[in-house]
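Subject: Structure handed over, with findings

Dear colleague,

Please find below the structure that I am handing over to you. My notes on what was found in it follow directly after.

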Amino acid sequence: MNSNLRLRFIKDLATDLEQVSGARFEQFGALIYTEISPAGTVQSRGVNLEGAAVSGTVDSVAPQTASAAEYTSQKDAFKKPFTKLRSDLRHARKNHPGLKNFFFFSSRSCGPEASEALARHEARFARHGFKLKWFDASSIAEIVVDKIINDSFINRLTSFLPNLQRIREQYALSHQTPQLKAGFTGRKEEVRHITEHLPALKAIAITGMGGIGKTDLACAIVSEIQNNYELTIWVQADEIRQFEDLSDIDVRRNGSHQNLIGLIQLNKALLILDNLNVNIDMEKVASACGPNSSVLVTTQVATTRNFFQLNPLPAGPDEEILNSGLDVACPPTTLALIRQTVGGHPLVLRIINSQIREEGYSWRDIEQDCAIAAEYEDDRRQRVADRILARHISAVRRELAFIAWCDTATIDRGYGLDVMRSLGLSKLEKRSFLAGAPDDVIRIHDIIFAAIRANADQLTNTASGGLDALRSRIAALAPNKGLALFKLASRHRGLVARELQNAANFEPELVFAYILLSEPHTINPRLLPTPEQALGEVLSCQANKRNLRLSVLTDTLETRYRHTRSIQNASKAKEELRASMGVYETLLQADSLSPEQKAFVRHHKGKSHLKLGEVDIARQQFEFILNSPSPLPATKLQLARLYENSPQQAKDLIVQILETAKQSPDAVSASILIETLGTLRRKHLSPFLDEITEKHGDFVSAHIKAAAFCGFNQPFEALAGVAHHWAYKAEHLLRDIFDALPELDIGALKDDQETFLWAEIYQAVGEAYFTDNPDRAKSFYSRARTLFDSIQKPDPYKLRASAVNLLRLNDYSLAQKTLDMVSAGRRDAFWHYRYAQAQHGSGDHDAALSSVDTALIQGGNSKYAASFHALRADIRKTLNHPDWLADLVLAVQKSEPGKYRNQLEARVKRAQAGSDQPS
């Protein structure tokens, strides 16, 4: 792993770790201790069944090695004289007299001075034959980062460390480069040329015919230069259609969309776009790179700039491939015929080699293949490949038939292994049928895939087990909707749709996968079951299949509603949904459903009532679940949104969700948690933002950062929900989050609402920097302005927000014109306050005074009254009004304790000293 990237990972995880406290840290620490413990079973007894610490016991012991461990999240754990460490050590030795090794884990950071002191303690104990070892947040984070390749270990930790999923994804992105084939040869000059020119050009396309070795050359180049970059990102680029697609692409086919443009702008990254099928503007790609990033493209499509044409192998290297591993070398006459027919085409040469080596054919057979192929003016290499593949069919018929049935050259590796097994994959590899690809996919060479299609008549009806294996794999992966399921569904979206189209009966697993990755407007409703079909399947299936069937039913109703609304209108969508509501009642009356399953059904019934505008009925359904033994976090979220007239109850529900996510992360899905954070922007919850930020701000921040890396929109909605508040009350959190976000691609924004959301975020970040870094603040205001200007249909709220941003950019005239666009009926006290700012900035101070007076008349007792009086003080001072200072004093009196009040008090003191300047 790149050393700079490793240090960044450690820093992020150490920050996360400081938010893990109490019994949760004891659970986490036990996992770490078990992983690093010497041989012997670790017994962790520090947490009872309820998750609370058990008093009087040592947190963890390993009797076989006379070792013990204690875990603490106390803030002063590393403060001299190390009272907590000494106490825990005495406790451990008292309970285990034969103790020889003691491990002390803390979620806090240890400074340099304390580290030196602890090192002296370690040495003193070591002289007496006792091992004392301590771990702070950073050293624990080092353990996690260095073991990130251990999936089973890391899986157990992701619920404790929000950023671990992001880091794991980023690490995985750097480990998607295919292995360079052992037989790679003859391209030294090409490797040298491209590696020399890539840093200056920033982006180079390797062009050439299929099978010529573009991917292999890219692998060789990456192996030469990847240590010069923090990230090496290999992308199967066959589905990319335009440059803008790079800002939102599912690189690993796991549901986690990445902004590759952002990654190459903000990181020291090497991006490889393999097998690109469109002509992409290479200068545009190069301009998107940050100062230390580069892009390498492999493509069969001709490009006009920054390209390297890869030609066939010259004489010499072609013989090395042709004769590799053979006892009898290719005769000179046969070699001449091969060169005449296929040239130095590496793939066809390897296929010929495998024909001799694996199948026992003779060089005479190869001569006949070449002679027949020579009769064709075009595609001679393909003709040779077709004939050779036909001879291989008897040996790999089942594998080739499966590939033909999948009808794609790229197959999810887990699924492919389910069907072909390791033996089948090995047979394909021996015959050089596979192209280089990341380790989570199986990729068939283009020329081989074309040959499989050409021989399809010999493979018809021989694909056994493909559909059954697909059903089984989806069912196995469905409960957690994890990364493996997203990879499978994404890779084989076309296959799933085709088999649904051909299915004679209802296929629940295929419907589940089809809906998972389909947008409402793209869905084909004919591929979905009717509500009655889905209901019948739930009631008649075996108990172990019922959860999946229930998900299919609720997903089907939701998807049909969203599809009809997007294609036709909301009225028609409601009409169809209302006609289907009876399925919920039937399920709630069914004896075969468990209480948890009925809660799931009732929750979705409540959501459907919301869609129908039946809010009171929906609330009753949700409250029924809330009062049940196991209320769902998703239900609490719905009620928190509905309790507009009971803000304290709403806040309590939000806090319960956050506390549950902290204590039992598996009980709250990532999407529900992010939606919960986004809900904080609602008016009835905004008064509690201070309290929630103080208690949960770091936790919220960590989850927004982690989710943002995965490319979903919800994290940005959540950030917008707290951004303006944090800009004044928790600047460090807002800055920290924004530093972790990829650069926004404005062209990828879908609509006015998404554009406005980002404009608000940029504006808030500008506010967070306004006091101590005005130049940087201005850069964010300028970005926000670009977005505000691109909104097609601004409503009064958006217009006012745009005007506020223009005020920050000192464009008072345009701010005033923008505010003029708000209709008279929507001009409240805050509007008059902003209008007064614009007039004052433009020099029309008398009019500004009149406007701010109107603001005070309308909202003198509002939460903005302090700002109103502060502005009037500025205007009056400019007009030499004698009462200006009284306004400033009133502003102090009406402001809440905090940063703003401190600024106002400082102004009063300066004014009394005769040195105040208006704000």
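A crossover is called right-handed if, with the strands pointing away from the viewer, the path from the first strand over the helix to the second runs clockwise. In this predicted model, a right-handed β-α-β unit of this kind is made by strand S4, helix H4 (residues 112–127) and strand S5.

The two strands of that unit, S4 (residues 101–106) and S5 (residues 131–135), run parallel and are joined by five bridges. One residue pair can serve as a landmark here: Phe105 has Phe135 in S5 as its bridge partner. S4 also runs parallel to strand S3 (residues 67–72), and six bridges join these two. In that pairing, Ala68 is placed opposite Phe102 of S4.

These strands belong to an open sheet of five strands, ordered S1-S2-S3-S4-S5, in which the pairing is mixed. Strand S1 (43–44) and S5 stand at the edges and each has a single partner strand, so one side of each is left without a neighbour in the sheet.

The loop between S3 and H3 deserves a look at its backbone. Pro81 has its place in this loop, and the peptide bond that leads from Lys80 to Pro81 is cis, with omega near 10°. Phe82 lies in the loop between S3 and H3 as well. Its phi is near 60°, a positive value in a residue other than glycine.

Turning to charge, which residues gather in a patch of positive charge on the surface? They are Arg86, Arg90, Arg124 and Arg127. Helix H3 (83–95) and H4 are the elements that give two or more residues to this positive patch. Arg124, for instance, is found in H4, the helix that also takes part in the β-α-β unit with S4 and S5.

Side chains of opposite charge can pair when their charged atoms come close. The structure holds 41 salt bridges. One of them is formed by the side chains of Asp318 and Arg339, with 2.6 Å from N to O. This pair links distant parts of the chain, 21 residues apart: Asp318 is in helix H12 (residues 317–323), whereas Arg339 is in helix H13 (residues 332–342).

With kind regards

Technical notes. Residues numbered from 1 in each chain as written. Predicted model: local features only at pLDDT ≥ 70, side-chain atom pairs only at ≥ 80, totals over all residues. Heavy atoms only, no water. Pairing = 2+ DSSP bridges. Helix = DSSP H or I, 4+ residues; strand = E, 2+ residues; numbered from the N terminus. Patch = residues over 30% accessible without salt bridge, like charges linked within 9 Å, V, L, I, M, F, W, Y side chains within 5 Å. Areas by Shrake-Rupley, 256 points an atom, 1.4 Å probe, with all protein chains shown as cover. Salt bridge = Lys/Arg side-chain N within 4 Å of Asp/Glu carboxyl O. Lys, Arg positive; Asp, Glu negative; His and termini not counted. Charge placed at Lys NZ, Arg CZ, Asp CG, Glu CD.
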